[in-house]
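Here is a set of short exercises to work through with the model open beside you. Try each task on your own before reading the solution.

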Amino acid sequence: LTMCWAVRFIHNSEDRQSRFERGGAKLPVATRGGAQVLLVPWGRRPREPGLLPVGGWAKLTHIQAGLWDKFQPRPVKLPVMAFAERDVTGREQWFEVTGGQYIQGCGVTIENERRVYVVTLDCSPEEAEFERWPRIVSAIG
């Protein structure tokens, strides 16, 4: 189930938006120390060539269980201002990311293919408005 997930971010002083379902979608990835932001392809769509998993998301529980180990995943910070998620009725809602916080990404590389996936948390039945939620991390850590 691909949801229309999008992010807003600043890159080279320009306000940009990236939507997963659009081919060529990229996510901003902060380099170590945060001095630079690189744009890295966001996941892989079903018809795109490559060896990395199809989709744009990596469940935290799957990463912790070792299901991503063969792709040598590394945690990265995605400096975005806001993200959109679709609720279970299909309605898109935007949420701001507090300053000093990032969406956690899962950076993976295999051969010459480099991509980033949004790390997601499973929502509990009480939070059933959304099927998944991005993991938010602070600048420290």
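The exercises below go from the overall fold to single residues, salt bridges and a cavity.

**Before you start**

This is a predicted model, in which local features need pLDDT of at least 70 and side-chain atom pairs count only at pLDDT 80 or more, while totals for chains, interfaces and linings use all residues. Residues are numbered from 1 along each chain as its sequence is written, and side-chain values use heavy atoms, with hydrogens and water left out.

**Exercise 1. The overall fold**

Task: Describe the secondary structure of the protein chain and how much of the chain is buried.

Solution:
- Step 1. Take helices (H or I, at least four residues) and strands (E, at least two) as DSSP runs, numbered from the N terminus. The protein chain then has one helix and 12 strands.
- Step 2. Put them in sequence order, and the pattern reads β-β-β-β-β-α-β-β-β-β-β-β-β.
- Step 3. Sort residues by relative accessible area: buried is under 20%, exposed is over 50%, and partly exposed is in between (1.4 Å probe, protein chains only). Of the 141 residues in the protein chain, 39% count as buried.
- Step 4. Turn to contacts (heavy atoms within 4.5 Å). Among those in the protein chain with a separation of 6 or more, 59% are between residues 24 or more positions apart.

**Exercise 2. A hairpin and one of its residues**

Task: Work out how strands S3 and S4 are paired, then place Leu39 in its surroundings.

Solution:
- Step 1. Two strands pair if DSSP finds at least two bridges between them. S3 (residues 26–30) and S4 (residues 37–41) are joined by five bridges and run antiparallel.
- Step 2. Find a facing pair: Ala30 is opposite Val37 of S4.
- Step 3. Follow the turn. Six residues separate S3 and S4 in this hairpin, and Gly33 in the turn has a positive phi of about 85°.
- Step 4. Move to Leu39, which belongs to strand S4. Leu39 counts as partly exposed because its relative accessible area is 26%.
- Step 5. List its contacts, leaving out residues up to four places away in sequence: Leu39 touches Phe9, His11, Arg16, Lys26, Leu27 and Pro28.
- Step 6. Compare sequence with space: Leu39 and Leu78 are 39 residues apart in sequence, and their C-alpha atoms are 9.8 Å apart.

**Exercise 3. Salt bridges**

Task: Which residues are linked in a network of salt bridges?

Solution:
- Step 1. Recall that side chains of opposite charge can pair when their charged atoms come close. Here a salt bridge needs a side-chain nitrogen of Lys or Arg within 4 Å of a carboxyl oxygen of Asp or Glu. The whole structure yields five of them.
- Step 2. Look at Asp15 and Arg8, whose side chains form a salt bridge at 2.7 Å, N to O. Asp15 is partly exposed at 46% relative accessible area, and Arg8 is partly exposed at 29%.
- Step 3. Go on to Glu48 and Arg45, bridged at 3.0 Å, N to O. Glu48 is partly exposed at 22%, whereas Arg45 is buried at 10%.
- Step 4. Add Arg115 and Glu113, bridged at 2.7 Å, N to O. Arg115 is buried at 11%, and Glu113 is buried at 12%.
- Step 5. Put the network together: its members are Arg45, Glu48, Glu113 and Arg115.

**Exercise 4. Positive phi outside glycine**

Task: Where in the chain do Asn12 and Glu111 lie, and are they buried or exposed?

Solution:
- Step 1. Start from the background: most residues other than glycine have a negative phi.
- Step 2. Check Asn12, whose phi is positive, near 50°. Asn12 sits in the loop between strand S1 (6–11) and strand S2 (14–19). With a relative accessible area of 67%, Asn12 is exposed.
- Step 3. Check Glu111, whose phi is positive, near 55°. Glu111 sits in the loop between strand S9 (101–110) and S10. Glu111 is exposed, with a relative accessible area of 67%.

**Exercise 5. The lining of a cavity**

Task: Which residues line the largest cavity?

Solution:
- Step 1. On a 1 Å grid over the protein atoms alone, a cavity is a set of points where a 1.4 Å probe fits but cannot get out, and lining residues have an atom within 4 Å of a point.
- Step 2. Read off the lining: Val29, Val40, Arg74, Val76, Gly107, Arg114, Arg115 and Val116.
- Step 3. Assign elements. Strand S6 (74–78) and strand S10 (113–122) are the elements that give two or more residues to this lining, and S10 gives the most, with three residues.

Key:
On a 1 Å grid over the protein atoms alone, a cavity is a set of points where a 1.4 Å probe fits but cannot get out, and a pocket is an open set with protein on both sides within 12 Å along at least five of seven lines; lining residues have an atom within 4 Å of a point.
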